[in-house]
Amino acid sequence: MAGRSPPPRTLVVRGRKRLSVGDREPARRSMVGDSGAARGAPGIRPGKRRSEPEPKREPEPEPEPEEPTLFCDPEPSHRDSSDSGLSDSEESVFSGLEDSGSDQSEDDDEEADRVSCNKGLSGSEEASGEQAQAGTPCPKAEMAGTSRGDEYAEDSSDEEDIRNTVGNVPLEWYDDFPHIGYDLDGRRIYKPLRTRDELDQFLDKMDDPDFWRTVQDRMTGRDLRLTDEQVALVQRLQRGQFGDVGFDPYEPAVDFFSGDVMIHPVTNRPADKRSFIPSLVEKEKVSRMVHAIKMGWIQPRRPRDPTPKFYDLWAQEDPSAVLGRHKMHVPAPKLALPGHAESYNPPPEYLPSEEEHLAWAQQEPAERKLNFLPQKFPSLRAVPAYSRFIQERFERCLDLYLCPRQRKMRVNVDPEDLIPKLPRPKDLQPFPTCQALVYRGHSDLVRCLSVSPGGQWLASGSDDGSMRLWEVATARCMKCVPLGGVVKSIAWNPNPTICLVAAAIDDSVLLLNPALGDWLLAGSTDQLLGAFTPPEEPTQQPAHWLEASEEERQRGLRLRICHGKPVTQVTWHGRGDYLAVVLATPGHTQVLLHQLSRRRSQSPFRRSHGQVQRVAFHPTRPFLFVAAQRSVRIYHLLRQELTKKLMPNCKWVSSMAVHPAGDNVICGSYDSKLVWFDLDLSTKPYRVLRHHKKALRAVAFHPRYPLFASGSDDGSIIVCHGMVYNDLLQNPLLVPVKVLKGHALARDLGVLDVAFHPTQPWIFSSGADGTVRLFT
């Protein structure tokens, strides 16, 4: 190889520029001689092209000659100094050269090795030839000739780290980048180009004898050649052996304990005295067990008879037996008699065809109409024994033993007849269907509302401390009365000859004259209140009646009833002279009754039956409905006794309303239930409706139409048709007809109160969004 000089040939690279050997000389000089440029870009192998060119820099100064290593003394040549300063990767980019592993590249590399090594030695051709034939190692020859070697294998510099400096960063982060980390100077370490196709890899595999021991380093992307020790380690691990050669898994075990029997014991401590004396504790246990056996508390186990007992289950089915004397005795069912299909000579129409035979074989055993296939035999003597005889007898015994016998009273009932026939909602009109008006003006949630007896005016109370009076037809706010507190409840006097509104604020009930509509009606109300003469001897009452001051009378306030406890509800009797209030206080004074004409208050109960939620008067009879958390009690006011106790089966009753006829009551609860009670039927609920998704806040009956409604925290109002018949034998008809929505949710609250118009099929609702809405 050293003696011959290759002729100038033309190297053709697929898809690249056609070059001659002379054109490749500068590239080889940059790869071999310019060690400083090669060290400046670690991670770039000679002859490889980078994915992105490096920015142009000033020519680097000529590197100082390093100390000679091994047998070669590399000296900087004039050709290296006259180089343009480009690195090997940049030169390969412009020249288009690539390490392909061909014969031409090997000859050129050997020629470069010969030139560099001859400068270090005597310079004769014989010495260079001997050195080349003897395989004298030369660092630069190895770096330029070996396509997969490490160019820093012989670099002894401690200031440069040729390894990847990316650290613990996952390499997947650099999949879309041309580099894998940075060197100490902050320059990118580019990945080696992997543009070799399968043909080049096959040629390398054929030419390189060490191709089988070459692996790729994932951290740097380089090809590493495994040493003999590493290959031996991999082979041992593949065979399931230990990685360490010096480890012997079968070395003799060290016996830490001697197997010789000792003459003397380890300890000569004498035995305890208690080991020779019977235990008193065990004696007491045995005596207790003996006493328990004598008293019969412990039954000793009796030996079981291992012989099984068999008996005939239906042996004594005669009428004189116990089963026969039983009135509801059901005999064992008889087997069906055999038909033509089971004959040894069945008619031709019973014999299956081949298609029917295949279809029967593919069916599941439970789906087959017959568990056998009819066959035809010439005579009865040719019929073989039935193979499934014992199995069918056993299944018959199992059916008789396991299946219960009962009389089936068959009733032919159409399932559609069991569903109650409810009328269509279209046939149950009129009822409110759409939103007509919105009453805006309150700045906080509207807790309560009430409609005047004539249906012309509407009163609403809010948490903003005001009561507003609206005209129903136009949604116009006629008056805004500041009350100085949260309005918990509002009730318009149901007597059409009295113009009064009762409002519950804090611990007081205020009676106001709104002075709307007829002035004569408002004036007669003031005359009625002013005609009261206080008694000569005032009696002690649970509440104090106070006259309003002149300034309060200008705002419409007439009377103030002070209780000393917070008031949660106020409601009027049907005649308009009595009103009942509910106080948020424990004890028997939770419910108080006030008489307007005599200005007298009284506590009707002597003891408490739980926290009272709502009260209501019977429309026509002297009954008072008191709703606690879990029950509704009905009291007779004249007899002063408990008449009935209703159990709504709810967790917490929130609201209550009484039917205008007085025989039906509905209750709403916080667990999303609406309960209908028929007082003539039972104390248990007649119907429980679960139409709402959240807690119910208010329920109401219409005074004239068969309608009732419920408002919930889910922001909806459900209107139902509730027809109560005069015939006591006919149950009420309850049909949901409409779901009304319009209120926005605020603070997880929706509709807080509902009220029907006294004459029209309209409904008013107040919500947490600060509005009052009318649905018609």
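Let me start with disulfides: in this predicted model, the structure holds zero of them. Cysteine 477, for instance, is in no disulfide, and the nearest cysteine sulfur, which belongs to cysteine 480, is 5.7 Å away, whereas a disulfide would need the two sulfur atoms within 2.5 Å. As for its surroundings, cysteine 477 counts as partly exposed, with a relative accessibility of 29%. Cysteine 650 is a second case, because its sulfur lies 7.5 Å from the closest cysteine sulfur, that of cysteine 667, and this is too far for a bond. Cysteine 650 is buried, at 6% relative accessible area.

Let me turn now to the charged side chains, where the structure holds 16 salt bridges, and I will go through some of them.

In one of these, arginine 773 and aspartate 769 meet through their side chains, with 3.4 Å from N to O; here the arginine, arginine 773, is buried at 8% relative accessible area, while aspartate 769 is partly exposed at 26%. Elsewhere, Asp183, Asp185 and Arg187 are joined into one network by salt bridges that share partners. Within that group, aspartate 183 pairs with arginine 187, and their closest N and O atoms are 3.7 Å apart; aspartate 183 counts as buried at 12% relative accessibility, and arginine 187 as partly exposed at 27%.

The last pair I would like to show is glutamate 552 with arginine 560, a salt bridge in which the closest N and O atoms are 3.1 Å apart. Glutamate 552 has a relative accessible area of 17% and is buried, whereas arginine 560, at 25%, is partly exposed.

Note on methods
Residues numbered from 1 in each chain as written. Predicted model: local features only at pLDDT ≥ 70, side-chain atom pairs only at ≥ 80, totals over all residues. Heavy atoms only, no water. Buried < 20%, exposed > 50% of the residue type's maximum accessible area, 1.4 Å probe, protein only. Salt bridge = Lys/Arg side-chain N within 4 Å of Asp/Glu carboxyl O.
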